[in-house]
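Here is a short briefing on a single structure. It covers the sheet, the helices packed on it and the salt bridges.

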Amino acid sequence: MEIWINPACSKCRSAVSLLDEAGAEYTVRRYLEDPPTPAELEAVLERLGLEPWDITRTAEPIAKELGLKTWGRTPDDRARWIAVLAEHPKLIQRPIITADDGTTVVARDPDTVRSVL
């Protein structure tokens with residue numbers, strides 16, 4: 001299992017605590033220090049069944065600077081969104097957990113974390 005976290009994020013810390021309490025084996029990826037590549041983002045999005053704009057934190061200051069709320073959300077816009085997430089990983093919703101069976105979730109609440117255990 002792998003979990004993408006920002007240590008400053010309370011939801012990430014909560015998810016890690018739940019994994020620890022369950023005795024789960026996992027690796028931590030501090031995605032702000034080790035940003036995902038566009039290919040990694042594509043793979044995660046495919047497993048999530050989501051589009052890049054679905055995992056984008058549009059309230060972040062950089063999102064406002066870039067005007068993300070006005071960007072298109074069509075298949076033709078997908079590569080542009082993925083590129084901006086790779087370039088500005090702070091825009092990625094967190095934490096993201098990928099279980100060994102490929103199940104992947106944006107673990108924003110305890111029930112979602114438990115769903116991959």
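The points below are grouped by topic. The model is predicted. Its 4 strands form an open, mixed sheet, and the structure holds 6 salt bridges.

**Sheet**
- The strand order is β2-β1-β3-β4.
- β2 (27–30) and β4 (104–106) are the edge strands; each has a single partner, so one side of each lacks a neighbour in the sheet.
- From one strand to the next, the twist averages 15 degrees.
- β3 (residues 96–98) pairs with β4 in the antiparallel sense, over 3 bridges.
- T98 has T104 in β4 as its bridge partner.

**Helices on the sheet**
- Helix α1 (residues 10–21) packs on the sheet and touches β1 (2–5) and β3. The directions of α1 and β1 make an angle of about 155 degrees.
- Helix α2 (residues 38–48) lies across β1, β2, β3 and β4. It runs at about 90 degrees to β4.

**Salt bridges around R29**
- R29 is buried, at 9% relative accessible area.
- D34 forms a salt bridge with R29, with the closest N and O atoms 3.4 Å apart. D34 is partly exposed, at 42%.
- E40 also forms a salt bridge with R29, at 3.0 Å between the closest N and O atoms. This pair links helix α2 to strand β2, across 11 residues. E40 is partly exposed, at 29%.
- Shared partners join R29, D34 and E40 into one network.

**Salt bridge in helix α5**
- D111 and R114 form a salt bridge, 3.4 Å from N to O.
- Both lie in helix α5 (residues 110–114), 3 residues apart, or about one turn.
- D111 is exposed, at 58% relative accessibility, while R114 is partly exposed, at 45%.

Key: Residues numbered from 1 in each chain as written. Predicted model: local features only at pLDDT ≥ 70, side-chain atom pairs only at ≥ 80, totals over all residues. Heavy atoms only, no water. Pairing = 2+ DSSP bridges. Helix = DSSP H or I, 4+ residues; strand = E, 2+ residues; numbered from the N terminus. Axes fitted to C-alpha atoms, helices over the stretch in contact; angles between N-to-C directions. Contact = heavy atoms within 4.5 Å. Salt bridge = Lys/Arg side-chain N within 4 Å of Asp/Glu carboxyl O. Buried < 20%, exposed > 50% of the residue type's maximum accessible area, 1.4 Å probe, protein only.
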